[in-house]
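Reader: I'm new to reading protein models, and I'd like a close look at one part rather than a tour of everything. Could you pick one helix, walk me through what sits around it, and tell me how you get there?

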Amino acid sequence: MKKFFQKHKNVLTVVLILFVWRLYFLALQMVENSISPREGYIGFLKIANFDGIYYLSISQSAYHGLDQAFFPLFPLLIDGVRIALGIQVIAAAVLVVALSLFVALYTLSKIIQENPAYGNYIWGLAFFLSFPTSFFFGVIYTESLFLALTLLSFYAARKGKFFLA
């Protein structure tokens, strides 16, 4: 068991940081909901408001009306996860967002670790997630997917894999 933890230390650290951030995020949403409850959101957790509702709609029933402003990759991933796992669309969307954020943070930790001048990657991830607008990475928006793809592209470029980047 000790070898497992030593071998996967970076992955487990990123998972722990994400877990703590998600608990903080949920606590803030519950406090905010008790102060000013609002209508028009899906559930008491405001994870699918504004554009998130459009992404869920596109993933369920394709493009209609003014939905063409949204690129198809995110809704396609949501629908693919929904079909593959047989879960509801909102659960699939939350899973896609969570996995995208995990990939983004793990890639960022690898980039930080490869350059000693950047310092400790744990502090880098903690400060990154403590930024006030980091809540966008936890709701059903494309930001976490965009960040993951961008960081993967930067990482591939740093490794000299320009075709992959």
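Author: Let's start with Thr107, which is buried because its relative accessible area is 5%, under the 20% cut-off for that word. Thr107 lies in helix α5, and α5 is the part we'll stay with. Keep in mind that this is a predicted model, so each statement here describes a prediction.

What does Thr107 touch, once residues up to four places away in sequence are set aside? The answer is Leu151, Leu152 and Tyr155. Helix α7 covers residues 143-158, and it is also where confidence is highest in the protein chain, with a mean pLDDT of 91. At the other end of that scale sits helix α1 (residues 2-7), with a mean of 70. The chain as a whole averages 79, and 82% of its residues score at least 70.

While we're looking toward α7, take Thr150, which is found in that helix. Thr150 is 46 residues from Ala104 in sequence, yet their C-alpha atoms are 8.3 Å apart in space. Is Thr150 buried, exposed or partly exposed? Its relative accessible area is 22%, so Thr150 counts as partly exposed: buried would need a value under 20%, and exposed one over 50%.

Now go back to α5 and find Leu105. Leu105 has a relative accessible area of 0%, so it is buried. Leaving aside neighbours within four places in sequence, Leu105 is in contact with Val14, Leu18, Leu125, Phe128 and Leu129. Here's a fun one to try on the screen: Leu105 and Val11 are 94 residues apart along the chain, but their C-alpha atoms are separated by 9.6 Å.

Some of those contacts of Leu105 lead us to helix α6 (residues 121-130), whose axis comes within 9 Å of the axis of α5. The two axes cross at roughly 135°. Why call that oblique? Angles of 65 to 115 degrees count as roughly perpendicular and those over 145 as roughly antiparallel, so α5 and α6, falling in neither group, are oblique to each other. Their crossing is right-handed. On the α5 side the meeting residues are Leu105, Leu108, Ser109, Ile112 and Gln113, and on the α6 side they are Tyr121, Gly124, Leu125, Phe128 and Leu129. Sorted by class, that contact has 7 nonpolar residues, 3 polar ones and no charged ones.

Tyr121 turns up again from another direction. Thr13, placed in helix α2 (residues 9-35), touches Tyr121 and Ile122, again not counting residues up to four places away in sequence. Thr13 has a relative accessible area of 15%, so it is buried as well.

Next, slide along α5 toward its start. Helix α4 (residues 73-85) and α5 (residues 89-114) have axes that come within 8 Å and cross at roughly 115°. This crossing is right-handed. From α4, the contact uses Phe74, Leu77, Ile78, Val81, Arg82 and Leu85; from α5, it uses Val89, Ala92, Ala93, Leu95, Val96 and Val97. By class, you get 11 nonpolar residues, no polar ones and 1 charged one.

Between α4 and α5 there's a loop, and Gln88 lies in it. With 61% relative accessibility, Gln88 counts as exposed. Gln88 and Ile78 are 10 residues apart in sequence, and their C-alpha atoms are 9.8 Å apart.

One more partner: helix α3 (residues 51-61). Its axis and that of α5 come within 10 Å and cross at roughly 115°, and α3 passes α5 in a right-handed crossing. Leu56, Ser59 and Gln60 of α3 meet Val89, Ile90 and Ala93 of α5. That contact has 4 nonpolar residues, 2 polar ones and no charged ones.

Finally, let's step back to the whole chain. The protein chain has 7 helices and 0 strands. Of its 165 residues, 33% count as buried, and Thr107, where we began, is buried too. Among contacts between residues at least 6 apart in sequence, 57% join residues at least 24 apart.

Technical notes. Residues are numbered from 1 along each chain as its sequence is written. This is a predicted model: local features need pLDDT of at least 70, side-chain atom pairs count only at pLDDT 80 or more; totals for chains, interfaces and linings use all residues. Side-chain values use heavy atoms; hydrogens and water are left out. pLDDT is the predictor's confidence in each residue, from 0 to 100. Helices (H or I, at least four residues) and strands (E, at least two) are DSSP runs, numbered from the N terminus. Axes are lines fitted to C-alpha atoms, for helices over the stretch in contact, and angles run from 0 to 180 degrees between N-to-C directions. A crossing is left-handed if the near helix is turned anticlockwise from the far one by less than a right angle, and right-handed if clockwise. Contact means heavy atoms within 4.5 Å. Ala, Val, Leu, Ile, Met, Phe, Trp, Tyr, Cys and Pro count as nonpolar, Asp, Glu, Lys and Arg as charged, and the others, Gly among them, as polar. Angles under 35 degrees count as roughly parallel, over 145 as roughly antiparallel, 65 to 115 as roughly perpendicular and the rest as oblique. Buried means under 20% relative accessible area, exposed over 50%, partly exposed in between (1.4 Å probe, protein chains only).
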